[in-house]
Amino acid sequence: MPETTPSDGLTLPRIGFGTAMLKGRPGAEAVGSALRAGYRLIDSAFNYENEGAVGAAVRASDVPRDEVIVTSKLPGRHHAHDAAIAAVEESVYRTGLDHLDLYLIHWPNPSQYRYVEAWEALIHARERGLVRAIGVSNFLPEHIDRLVEATGVVPAVNQVELHPYFPQDEQRAYDASRGIVTEAWSPIGRAGEMLRDPVLTQVANAHGASVAEVILAWHARLGVVPLPKATAPDRQRQNLSAVDLELLDADVDAIASLARPDGRNNDQDPAVYEEF
Ligand code: A2P
């Protein structure tokens, strides 16, 4: 069952592929194997410095270009209108593709307060055909409200940190109320302590699955599109098929009990944390 983003008519698969740190030839090979495994949503960012590797893999792939959703993101240092347009141009150029499918503002950087200007630039980039759909990442409701008030254009996607320790109930409800699809970065908590969590391990054992699979199945159950990064082809395949694992209501309740107010991995609260 695909997720649909009403504002741009883009149809997203239930899971995508994260690429942070996948660079150069090994990065292109990892993305190539992800495409062969069946991923059709590839996440990247100007600041990951791997749009070239991602684009090379997409171009070399047998998968028809129009079946792949290639995403990138605008860095905080390029929020000014003309700088933002130039950054999108550069992203597209680096991929060697003639357009990108989804382009997000990477962080709101509220103290800088130029994200509305950046949003206007992304609207113009879309009008020029550089990108098919536009959205945001790490935006809180108040930030999205300002974009919509200023432009009337609702982001297609909001990509946020979201995993069982930080399930973002309020942000998800807000996004849903606006028709925005929520994507999850660090969906398996960067393979940290969450993969050894006793509750998740119990659920995993009951299903004969791995903890990573349970977590990704939980995202899909919530209607969130997780973007796990994995280098090895077998893990890529395991993660992709995880969204078909059907959790019980009792599993979902047990996982809900893991939420922590301070559950973010690296204390990256977009109200104060900024990236440039
Ligand atoms: P690797 O890239 O070496 O395959 P996240 O997407 O939450 O940021 O997590 C990415 C991390 O999780 C990477 O270190 C990745 O390792 C690891 N990883 C990805 N898939 C799995 C899996 N199915 N089981 C265990 N670790 C995984």
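## Polar contacts with the ligand

A polar contact is a pair of N or O atoms within 3.5 Å. With that cut-off in hand, look at Arg235 in this predicted model. An N or O atom in the Arg235 side chain lies 3.0 Å from an oxygen atom of the ligand. That distance falls within 3.5 Å, so the pair counts as a polar contact.

Two other side chains can be read in this way. Thr231 places a side-chain N or O atom 2.7 Å from an oxygen atom of the ligand. Gln238 has a side-chain N or O atom 3.1 Å from the ligand, and here the ligand atom is a nitrogen. The ligand taken alone exposes 570 Å². The protein buries 80% of that area.

## The shell around the ligand

The ligand sits in the largest pocket. There, 16 residues surround the ligand. The closest are Ile188, Arg190, Lys229, Thr231 and Asn239. Thr231 is thus one of the closest residues and also the one with the 2.7 Å pair.

What classes of residue make up this shell? Eight are nonpolar, five are polar and three are charged. Helix α9 gives the most to the shell, with three residues. This helix covers residues 233–242.

## The protein as a whole

Step back to the full chain. The protein has 10 helices and nine strands. Its radius of gyration is 18 Å, close to the 19 Å that the globule rule gives for 276 residues, so the protein is as compact as a globular protein of that length. The C-alpha trace spans about 55 × 40 × 30 Å along its principal axes.

How values were computed: Residues are numbered from 1 along each chain as its sequence is written. This is a predicted model: local features need pLDDT of at least 70, side-chain atom pairs count only at pLDDT 80 or more; totals for chains, interfaces and linings use all residues. Side-chain values use heavy atoms; hydrogens and water are left out. A residue is near a molecule or strand if one of its heavy atoms lies within 4 Å of it. A polar contact is a pair of N or O atoms within 3.5 Å; within protein, one must be able to donate a hydrogen and the other to accept it, and residues adjacent in sequence count only if both atoms are side-chain atoms. Accessible areas come from the Shrake-Rupley method with a 1.4 Å probe; for residues, only the protein chains shown count as cover. On a 1 Å grid over the protein atoms alone, a cavity is a set of points where a 1.4 Å probe fits but cannot get out, and a pocket is an open set with protein on both sides within 12 Å along at least five of seven lines; lining residues have an atom within 4 Å of a point. A molecule sits in a cavity or pocket if more than half of its atoms lie within 2 Å of its grid points. Helices (H or I, at least four residues) and strands (E, at least two) are DSSP runs, numbered from the N terminus. Ala, Val, Leu, Ile, Met, Phe, Trp, Tyr, Cys and Pro count as nonpolar, Asp, Glu, Lys and Arg as charged, and the others, Gly among them, as polar. The radius of gyration is taken over C-alpha atoms; the globule rule is 2.2 Å times the number of residues to the power 0.38.
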